[in-house]
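Student: I have a structure open and would like to work through it by question and answer. Where do we begin?

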Amino acid sequence: MASVHRYMAGTRHRYEISQVFTEPGTVGLLEHTWQQGYVEICGWPHQSHQPRSPRRARHAGLLSEAAWRAMLLVSGPIRANSPGLRVADLDTAILLVRAGRTLRMPVRMSRRPGGQLLLVVPDGTRSSAAGTGS
């Protein structure tokens, strides 16, 4: 069981904070589920070149879509002068890059102060700020 608490913060620039509270025993389950999803999308190093079954490929695609939907929901509106998403956690950034590759999105990641910057580069366009993909 989970509950969501929302409130407004900020003075000049107002923004909404959403906190999700779960029952005390769910932390281990959430960690285990995160690890399973991470392995399904990113795979272990020795599995990266092995073909996936159609069921596993479909499942990885659904997980990839869910990961990007979740990231876009928590990131809020994107400003025109700030192209890209800042992701503080390296594991989450890697997951989103690999999920983008699963979805055939040209995603690039570069390190920036405060985390990683993820850019979705349009087909045929190269960005020097994009860095190298991981």
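Tutor: We begin with a term: a residue is buried if its relative accessible area is under 20%, exposed if over 50%, and partly exposed in between. Keep in mind that the model is predicted.

Student: Is Ser64 buried or exposed?
Tutor: Ser64 sits in helix H2. Its relative accessible area is 0%, and the limit for the lowest class is under 20%. Ser64 is therefore buried.

Student: Leaving aside its neighbours within four places in sequence, which residues is Ser64 in contact with?
Tutor: A contact needs heavy atoms within 4.5 Å. With the neighbours within four places in sequence left aside, the residues in contact with Ser64 are Ile41, Ala99, Thr102 and Leu103.

Student: In what order do the elements of the protein run from the N terminus on?
Tutor: The protein has 3 helices and 5 strands. Read from the N terminus on, the order is β-β-α-α-β-α-β-β.

Student: What percentage of the residues of the protein count as buried?
Tutor: The limit is again a relative accessible area under 20%. The protein has 134 residues, and the share that count as buried is 23%.

Student: What span is expected for H3 at 1.5 Å a residue?
Tutor: Helix H3 covers residues 90-102, which is 13 residues. The expected span is 1.5 Å times one less than the number of residues. From its first C-alpha to its last H3 reaches 18 Å, close to the expected value, which is also 18 Å.

Student: Which elements do the buried residues of H3 pack against?
Tutor: The buried residues of H3 are Ala93, Ile94, Leu95, Leu96, Val97, Ala99 and Gly100. They pack against two helices and three strands: H1 (27-42), H2 (54-75), S3 (85-87), S4 (107-112) and S5 (115-120).

Student: Which residues of H1 are buried?
Tutor: H1 has 16 residues and reaches 22 Å from first C-alpha to last, close to the 22 Å expected. Its buried residues pack against H2 and H3. Those residues are Gly37, Glu40, Ile41 and Cys42.

Student: How do we describe H1 against H3?
Tutor: Two packed helices are described by the angle between their axes and the distance between the axes. For H1 and H3 the angle is about 40 degrees and the axes are 9 Å apart. That angle makes H1 oblique to H3.

Student: How many residues of the contact of H1 with H3 are charged?
Tutor: The crossing of H1 and H3 is left-handed. The contact is made by Trp34, Gly37, Tyr38, Ile41 and Cys42 on the H1 side, and by Asp91, Thr92, Ile94, Leu95, Arg98 and Ala99 on the H3 side. By class these are 7 nonpolar and 2 polar residues, and the number of charged ones is 2.

Student: At what angle do H2 and H3 pack?
Tutor: The axes of H2 and H3 are 9 Å apart. The two helices are oblique to each other because the angle falls outside the ranges for roughly parallel, antiparallel and perpendicular. The angle is about 125 degrees.

Student: How many nonpolar residues does the contact of H2 with H3 have?
Tutor: H2 passes H3 in a left-handed crossing. H2 brings Ala60, Gly61, Ser64, Ala67, Trp68 and Met71 to the contact, and H3 brings Leu95, Leu96, Ala99, Gly100 and Thr102. The contact has no charged residues and 4 polar ones, and the nonpolar count is 7.

Student: What is the phi of Arg104?
Tutor: Arg104 follows H3 and lies in the loop between H3 and S4. With a relative accessible area of 75%, Arg104 is exposed. Its phi is positive in a residue other than glycine, with a value near 60 degrees.

Student: Which residue just after H1 takes a positive phi?
Tutor: The phi here is about 70 degrees, and the residue is Gly43. To repeat the name asked for, it is Gly43.

Student: How far apart in space are Tyr7 and Ile17, C-alpha to C-alpha?
Tutor: Tyr7 is in strand S1 (residues 2-9) and, at 39% relative accessibility, counts as partly exposed. Leaving aside neighbours within four places in sequence, Tyr7 is in contact with Tyr15, Glu16, Ile17 and Gln19. Tyr7 and Ile17 are 10 residues apart in sequence, and their C-alpha distance is 5.4 Å.

How values were computed: Residues are numbered from 1 along each chain as its sequence is written. This is a predicted model: local features need pLDDT of at least 70, side-chain atom pairs count only at pLDDT 80 or more; totals for chains, interfaces and linings use all residues. Side-chain values use heavy atoms; hydrogens and water are left out. Helices (H or I, at least four residues) and strands (E, at least two) are DSSP runs, numbered from the N terminus. Buried means under 20% relative accessible area, exposed over 50%, partly exposed in between (1.4 Å probe, protein chains only). Axes are lines fitted to C-alpha atoms, for helices over the stretch in contact, and angles run from 0 to 180 degrees between N-to-C directions. Angles under 35 degrees count as roughly parallel, over 145 as roughly antiparallel, 65 to 115 as roughly perpendicular and the rest as oblique. A crossing is left-handed if the near helix is turned anticlockwise from the far one by less than a right angle, and right-handed if clockwise. Ala, Val, Leu, Ile, Met, Phe, Trp, Tyr, Cys and Pro count as nonpolar, Asp, Glu, Lys and Arg as charged, and the others, Gly among them, as polar.
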